[in-house]
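Colleague: I am new to this structure and should be grateful for a guided discussion. May I put some questions to you in turn?

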Amino acid sequence: MSDKSKPIVQMKNIEKHFGAVIALAGVSLDVFPGECHCLLGDNGAGKSTFIKALAGVHKPTKGEIIFEGKPMEFDRPRDAIAAGIATVYQDLAMIPLMSVSRNFFMGNEPIKKLGPIGFFDHETANRITMEEMGKMGISLRGPDQAVGTLSGGERQTVAIARAVHFGAKVLILDEPTSALGVRQTANVLATVDKVRKQGIAVVLITHNVRHAMAVGDRFTVLNRGQTLGTAERGNITPEELQDMMAGGAELATLEGSLGGTV
């Protein structure tokens with residue numbers, strides 16, 4: 001079990017340049033085991049680039065990533081996954097016509113041997129899939145149910161349960177609630193809460209302050225590739241977070257010039 005008093009991930013002064021474009025200009029972030037650290041910012045703030053640096057998709061131009069106390073350099077996403085950093089992207093990387101259990105075990109198929117020949121072990125896969133989805137509060141009709149028949153929130157939960165089952169120590173969720181209705185959003189946020197209580201570090205990327213406030217322990221705001229600081233739950237209001245994201249001074253000036261509320 002990780003020591004909850006020490007960060008499991010430290011990202012120090014991360015810069016990422018794409019030619020002349022500076023996507024990240026020295027961003028730092030600590031993530032602790034068992035916390036939900038929300039990364040907020042408007043579109044183009046640098047959230048996705050920052051997360052892709054942690055997930056092994058982009059190599060930082062400058063800066064350092066320390067994971068479990070050791071400097072890490074991820075050359076590709078598989079390196080980050082092997083270390084225990086799992087990312088659930090918006091597109092979820094699932095095949096809608098395949099069953100939940102097939103999607104759950106994609107790339108990690110349990111094999112049953114019959115002499116020298118190996119077969120996909122349906123029985124084991126089905127049993128584990130039903131157990132893990134049950135733990136997350138999702139009741140499937142059966143493990144052979146096609147993923148395409150699930151709601152968006154249930155699909156998010158399959159992806160999260162899969163990452164947890166295969167040993168994620170840090171779970172990165174990229175805008176998991178952006179395309180969901182109210183009830184599905186509540187289900188996904190409840191799943192995040194369950195994962196955090198298991199001692200797993202969750203990094204939740206969102207531009208929705210209400211969703212962040214529902215589950216977040218700490219909040220870091222990015223704006224144009226730079227961090228505007230990190231605040232703990234109880235030390236910042238939703239309005240203050242929204243202002244930081246939107247550029248509060250600019251908004252106040254606009255309100256004043258229009259003589260009312262924007």
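Colleague: Which residues lie nearest the centre of the largest pocket?

Modeller: The model is a predicted one. In it, the largest pocket has a volume of about 720 Å³. Its lining comprises 25 residues. Those that lie nearest its centre are Ile-81, Ala-86, Thr-87, Asn-108 and Arg-162.

Colleague: Which element supplies the largest share of the lining of the largest pocket?

Modeller: At least two lining residues come from each of helix H2 (77-83), strand E6 (85-88) and helix H5 (152-165). The largest share amounts to 5 residues, and the element that supplies it is H2.

Colleague: How many residues of each class does the lining of the largest pocket have?

Modeller: The classes in question are nonpolar, polar and charged. The lining of the largest pocket has 3 charged and 5 polar residues, and its nonpolar residues number 17.

Colleague: Strand E6 also belongs to a sheet; in what order do the strands of that sheet stand?

Modeller: This open sheet is formed by 6 strands, and the pairing is mixed. Its edge strands, each pairing on one side only, are E6 and strand E12 (226-232). From one strand to the next the twist averages 20°. The order is E6-E9-E10-E3-E11-E12.

Colleague: What angle does the direction of H5 make with that of E6?

Modeller: Helix H5 packs on the sheet that holds E6. The strands touched by H5 are E6 and strand E9 (170-174). The direction of H5 makes with that of E6 an angle of about 170°.

Colleague: Within this sheet, which residue of E11 stands opposite His-37?

Modeller: Strand E3 (residues 36-40) pairs with strand E11 (residues 218-223) in the parallel sense, and 4 bridges join the two. Opposite His-37, the residue in E11 is Arg-218.

Colleague: Turning to the sheet of 4 strands, why is one side of E2 and of E5 left without a neighbour?

Modeller: The strands of this open sheet follow the order E2-E1-E4-E5, with antiparallel pairing. Strand E2 (21-31) and strand E5 (70-72) each have a single partner strand, so one side of each has no neighbour in the sheet. The reason is therefore their place at the edges.

Colleague: What does the twist of that sheet average from one strand to the next?

Modeller: The sheet in question has the order E2-E1-E4-E5. From one strand to the next, its twist averages 30°.

Colleague: Which residue in E2 is the bridge partner of His-17?

Modeller: Strand E1 (residues 9-18) and E2 run antiparallel and are joined by 8 bridges. In E2, Leu-24 is the bridge partner of Lys-16. For His-17, the bridge partner is Ile-22.

Colleague: Which residue takes a positive phi in the hairpin of E1 and E2?

Modeller: This hairpin has 2 residues between the strands. A positive phi near 65° is taken there by Gly-19.

Colleague: In which strand does Asn-13 lie?

Modeller: Most residues other than glycine have a negative phi. Asn-13 is not a glycine, yet its phi is positive, at about 50°. Glu-68 likewise has a positive phi, near 50°, and is found in the loop between E4 and E5. Asn-13, by contrast, lies in strand E1.

Colleague: Which strands does helix H1 touch?

Modeller: Helix H1 (residues 47-54) packs on the sheet that contains E1, and its direction makes about 120° with that of E1. The strands touched by H1 are E1, E2 and strand E4 (62-67).

Colleague: Which element supplies the largest share of the lining of the largest cavity?

Modeller: About 30 Å³ of space lies in the largest cavity. Its lining consists of Lys-47, Ser-48, Ile-51, Lys-52, Tyr-89 and Asp-174. By class, these are 2 nonpolar, 1 polar and 3 charged residues. The largest share, 4 residues, comes from H1.

Colleague: Finally, how far apart are the closest N and O atoms in the salt bridge of Arg-196 with Asp-193?

Modeller: The count of salt bridges comes to 11. Arg-196 and Asp-193 both lie in helix H6 (residues 182-197), at a spacing of 3 residues, about one turn of the helix. In the salt bridge between them, the closest N and O atoms are apart by 2.2 Å.

Note on methods:
Residues numbered from 1 in each chain as written. Predicted model: local features only at pLDDT ≥ 70, side-chain atom pairs only at ≥ 80, totals over all residues. Heavy atoms only, no water. Pairing = 2+ DSSP bridges. Axes fitted to C-alpha atoms, helices over the stretch in contact; angles between N-to-C directions. Contact = heavy atoms within 4.5 Å. 1 Å grid on protein atoms, 1.4 Å probe; cavity = no way out; pocket = protein on both sides within 12 Å on 5 of 7 lines; lining within 4 Å. Points joined across faces, edges and corners; volume = space filled by probe spheres on them. Nonpolar A, V, L, I, M, F, W, Y, C, P; charged D, E, K, R; others polar. Salt bridge = Lys/Arg side-chain N within 4 Å of Asp/Glu carboxyl O.
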